[in-house]
Amino acid sequence: MHIDRNRPVAVVTGASSGIGESTARQLVELGWQVIGVGRDRQRSAAATARIAVAARNGGAFTMLRGDFTLMSEVERVAGEIGSLTPRLDVLVNNAGGVSDQRIVTDEGTEATFAVNHLAPFLLTRRLIPLPGEDAAARPGRSVRVIAVSSNAHRMIQEFDWDDLQSLNEFDSIVAYGRAKLANILFTRELARRGTTAGIVAQAMHPGVVASNFASHGTDALQAHMATADTVSPDEPAETLVWLATAPAPGRDGGRYFHRKAEATPAAAAQDDSAATRLWNESERLLAELGFRIADTAESGQK
């Protein structure tokens, strides 16, 4: 894929199906250059073929593959994106999932926490440096970072800071809720820290979507999804495209949206001290895995 520096560029994770695929397709239809990230080889190839048909107005699409339960894969994908384009206008952190059991990755992280929070945290930090970091790698223009969270965050009153990843005591839905709360708090802190660098970070709730989201969830979750009143992936994708392109969500970051309208997240998702602590804990965890980020936890203390 040849990147035209005069045309907008978006990165969409989880683009091999569902919300991510629909978001990538809609952006390509608008003439955007989109870099997707998918895990499964066959689904990625099929999505690429479908999105290519939609390309018009100079739009283009390419798919990278990576397993975002592993930070080494996130690091590799970030490097590949950097080699493809010096320009980045929008990053949609959509990849995620839920599991019916605790899965400890080869890196020692819990998979639900890793794919839903640590992966977008690391990818964002690698692609979009903050003030005081590598100026040469900074986009040089305003950039929007959009997190696909969930109202599942509302079931969590606060984090267990001694077991942030649910490694010791695991409940599938609780672990997912914690990760979705982490999405909003990361968005809130990123918006605060990135204001002077032109970073606008927003989060959104997609609704109950007809997709393969719950395919690895518990039997109870799959039964619920089978009978739930769901929406097509196109509906939340329309909100994501609006967040990526419309003027109104391009300012005043740190907000939470649903169906192109601002919503109020739970009180726990508005806790600025928790947002700062989560940022620092995330950097510490990544540093322990060998992925140190320039803006260390010590420098981020309020």
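User: What covers the buried residues of helix 1?

Analyst: This is a predicted model. In the model, the cover includes strand 1 (9-13), strand 2 (33-38), helix 2 (41-54), strand 3 (60-65) and helix 7.

User: How do you know that helix 1 is mostly covered?

Analyst: Count the residues. Of the 12 residues in helix 1, 9 are buried. Among them are Ile19, Gly20, Leu27 and Val28.

User: What makes Glu21 count as buried?

Analyst: The cut-off for buried is under 20% relative accessible area. Glu21 has 12%. That is under 20%, so Glu21 counts as buried.

User: How do you know that Glu21 and Arg50 meet in a salt bridge?

Analyst: A side-chain nitrogen of Arg must lie within 4 Å of a carboxyl oxygen of Glu. For Glu21 and Arg50 the N to O distance is 2.7 Å. The value is within 4 Å, so the pair is a salt bridge.

User: Why does this pair tie together parts that are 29 residues apart in sequence?

Analyst: Look at where each partner sits. Glu21 lies in helix 1, and Arg50 lies in helix 2.

User: Why is Arg50 called partly exposed?

Analyst: Arg50 has a relative accessible area of 44%. Partly exposed runs between under 20% for buried and over 50% for exposed. The value of 44% falls in between, so Arg50 is partly exposed.

User: What makes Glu29 and Arg25 a salt bridge?

Analyst: Their closest N and O atoms are 3.4 Å apart. The limit is within 4 Å, so this pair passes too. Both residues are in helix 1, 4 residues apart, and about one helical turn separates them. Glu29 is partly exposed at 24%, and Arg25 is partly exposed at 23%. A network of salt bridges links Arg25, Glu29 and Asp234.

User: How many salt bridges does a search of the whole structure find?

Analyst: The search finds 15 salt bridges. One of them joins Asp89 and Arg87, at 2.7 Å from N to O.

User: Are Asp89 and Arg87 buried or exposed?

Analyst: Asp89 has 10% relative accessible area, and Arg87 has 15%. The cut-off is under 20%, so both are buried.

User: Now the rings. Why is the pair of Phe121 and Phe186 called tilted?

Analyst: First, the distance. The ring centres are 4.9 Å apart, and rings pair within 6.5 Å. Next, the angle. The planes stand at 50°. Under 30 degrees would be stacked and over 60 edge-to-face. The angle of 50° is neither, so the pair is tilted.

User: How do you know that this pair links distant parts of the chain?

Analyst: Phe121 is in helix 4 (residues 111-127), and Phe186 is in helix 5 (residues 172-194). They are 65 residues apart. Phe121 is buried at 0%, and Phe186 is buried at 6%. Together with Trp279, these two form one aromatic cluster.

User: What makes the pair of Trp242 and Phe257 edge-to-face?

Analyst: Their ring centres are 5.7 Å apart, and their planes stand at 75°. The distance is within 6.5 Å and the angle is over 60, so the pair is edge-to-face. Trp242 lies in helix 7 (residues 234-245), and Phe257 lies in strand 7 (residues 255-258).

User: Why is Trp242 called partly exposed?

Analyst: Trp242 has 21% relative accessibility. Buried needs under 20%, and exposed needs over 50%, so Trp242 is partly exposed. Phe257 has 2%, so it is buried.

User: How do you know that strand 7 and strand 8 pair?

Analyst: Pairing needs at least two bridges. Strand 7 and strand 8 (residues 261-263) have 3 bridges, in the antiparallel sense. The count meets the cut-off, so the strands pair. Within strand 8, Glu262 is the bridge partner of Phe257. Strand 6 (residues 199-204) runs parallel to strand 7, and 3 bridges join them.

User: Which residues have a pLDDT below 50?

Analyst: The chain has a mean pLDDT of 89, and 87% of its residues reach 70 or more. Over residues 295-302, the pLDDT is below 50. Predicted coordinates should not be read in detail where pLDDT is low.

Terms used: Residues numbered from 1 in each chain as written. Predicted model: local features only at pLDDT ≥ 70, side-chain atom pairs only at ≥ 80, totals over all residues. Heavy atoms only, no water. Phe/Tyr/Trp six-rings, centres within 6.5 Å; stacked < 30°, edge-to-face > 60°. Helix = DSSP H or I, 4+ residues; strand = E, 2+ residues; numbered from the N terminus. Buried < 20%, exposed > 50% of the residue type's maximum accessible area, 1.4 Å probe, protein only. Contact = heavy atoms within 4.5 Å. pLDDT = per-residue confidence, 0-100.
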